[in-house]
Amino acid sequence: GLMLACDMDWHDELLPPQIHRACDNGPGSITLSGAAADIERFAAQLRDSGRFARVIPSCGIAFHSPLVEAAASAL
């Protein structure tokens, strides 16, 4: 998975259903989480429309998303 910093609001309806809100950094700034391909595709979409989108190095882990639930028992 990957994390993505972007210039969206927490309640922005533009967010695809397979991408999850991870952190509310303030007005107009959130961090998203999801599968790598989904995050890369959405980041490109945002950039193509002139918006800020930066993939955050997260060691291949989509923190704060349902994708990490499988690791819960091991932790």
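## Exercises on a sheet, a helix and a core

Strands β2 and β3 run antiparallel and are joined by 5 bridges. The structure is a predicted model, in which local features need pLDDT of at least 70 and side-chain atom pairs count only at pLDDT 80 or more, while totals for chains, interfaces and linings use all residues. Residues are numbered from 1 along each chain as its sequence is written, and side-chain values use heavy atoms, with hydrogens and water left out.

**Exercise 1.** Find the order of the 4 strands in the open sheet, and name its edge strands.

*Solution.* Begin with the terms: strands are DSSP runs of E with at least two residues, helices are runs of H or I with at least four, and both are numbered from the N terminus; two strands pair if DSSP finds at least two bridges between them. The order is β2-β3-β1-β4, with antiparallel pairing. The edge strands, each pairing on one side only, are β2 (20–26) and β4 (53–56). Within β3, Thr31 is the bridge partner of Cys23.

**Exercise 2.** Determine which elements give two or more residues to the largest nonpolar core.

*Solution.* A nonpolar core is a set of buried (under 20% relative accessible area, 1.4 Å probe, protein chains only) Ala, Val, Leu, Ile, Met, Phe, Trp, Tyr and Cys residues joined through side-chain atoms within 4.5 Å. Of its 13 residues, Leu4, Met8, Leu32, Phe42 and Leu46 touch the most other members. The elements sought are β1 (2–6), β3 (29–34) and α1 (36–48), and α1 gives the most, with 4 residues.

Note on methods. Buried means under 20% relative accessible area, exposed over 50%, partly exposed in between (1.4 Å probe, protein chains only).
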